[in-house]
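Please open the model in your viewer and keep the sequence panel beside it, as this tour moves from one selection to the next.

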Amino acid sequence: MAETSSSSTTISKDLPSEHVLVVKRFFESVGIHASLPQNSTSKDFYSDLFRDLFKVGHVQRGHVSCIVPVLPVVGNYYNGLHGGAAGAIAERVSIACARTVVADDKKLFLGELSICYLSAAKLNEVLLVEGSVLKSGRNLTVVASEFRIKETKKLVFTSRATFYHMPAAKL
């Protein structure tokens with residue numbers, strides 16, 4: 001069984017050496033061996049990374065739209081929007097959308113986030129991300145989001161988020 005730690009890597013004796021070399025080269029090609037920049041370990045770096053990507057299009061009760069450029073900072077190995085970045089964007093848009101219908105005194109707990117990756121969003125494309133509340137009640141809110149290429153309106157990702165309201169209503 002293979003184990004990893006911050007100082008060493010243990011490789012299974014059952015794994016052929018050519019497979020180990022292929023994996024090692026892949027990790028090196030995507031920068032896994034590189035050290036993290038110092039600022040990436042600061043408090044709330046995640047927000048700093050995504051904050052400047054969003055430009056709010058409009059906000060209405062139950063609906064939010066944003067413009068998101070696909071920049072290299074959120075790109076993947078294949079020169080498209082990284083799936084994790086798409087998830088982070090979906091989460092942020094969904095929270096903003098839910099907040100248009102849920103009172104400020106209620107905390108939101110993200111219970112589920114599903115994403116369908118339908119097509120690639122290439123670097124330097126601009127996405128229109130629209131979130132809509134599907135259902136909102138005393139204890140939960142469900143938001144659906146669509147990611148479309150702004151120029152062509154091509155649908156590239158969809159997401160659905162379920163938020164639980166905290167504290168839950170007394171029954």
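Before selecting anything, it helps to know that two strands count as paired if DSSP finds at least two bridges between them. Keep in mind too that what you see is a predicted model.

Begin with strand E7, residues 140-149, together with strand E8, residues 155-166, which pair in the antiparallel sense over nine bridges. To look at one bridge in detail, select Thr 141, whose bridge partner in E8 is Phe 163.

Next, widen the selection to the open sheet of six strands, which runs in the order E3-E4-E6-E7-E8-E5 with antiparallel pairing. At its edges you will find strand E3 (55-60) and strand E5 (107-117), each of which pairs on one side only. If you follow the sheet across, the twist averages 20° from one strand to the next.

Now add helix H3, residues 83-99, which packs on the sheet and touches E4 (63-69), E5, E6 (126-136), E7 and E8. The direction of H3 makes about 135° with that of E5.

Then turn to the side chains of the largest nonpolar core, which has 27 residues, and where Phe 50, Phe 54, Leu 81, Ile 89, Leu 127 and Phe 147 touch the most other members. At least two residues of this core come from each of E4, H3, E6, E7 and E8, and H3 gives the most, with eight residues.

Finish at Phe 50: which residues is Phe 50 in contact with, leaving aside its neighbours within four places in sequence? Select Val 74, Ala 85, Ala 88 and Ile 89, for these are the contacts of Phe 50 beyond that stretch.

Conventions: Residues are numbered from 1 along each chain as its sequence is written. This is a predicted model: local features need pLDDT of at least 70, side-chain atom pairs count only at pLDDT 80 or more; totals for chains, interfaces and linings use all residues. Side-chain values use heavy atoms; hydrogens and water are left out. Helices (H or I, at least four residues) and strands (E, at least two) are DSSP runs, numbered from the N terminus. Axes are lines fitted to C-alpha atoms, for helices over the stretch in contact, and angles run from 0 to 180 degrees between N-to-C directions. Contact means heavy atoms within 4.5 Å. A nonpolar core is a set of buried Ala, Val, Leu, Ile, Met, Phe, Trp, Tyr and Cys residues joined through side-chain atoms within 4.5 Å. Buried means under 20% relative accessible area, exposed over 50%, partly exposed in between (1.4 Å probe, protein chains only).
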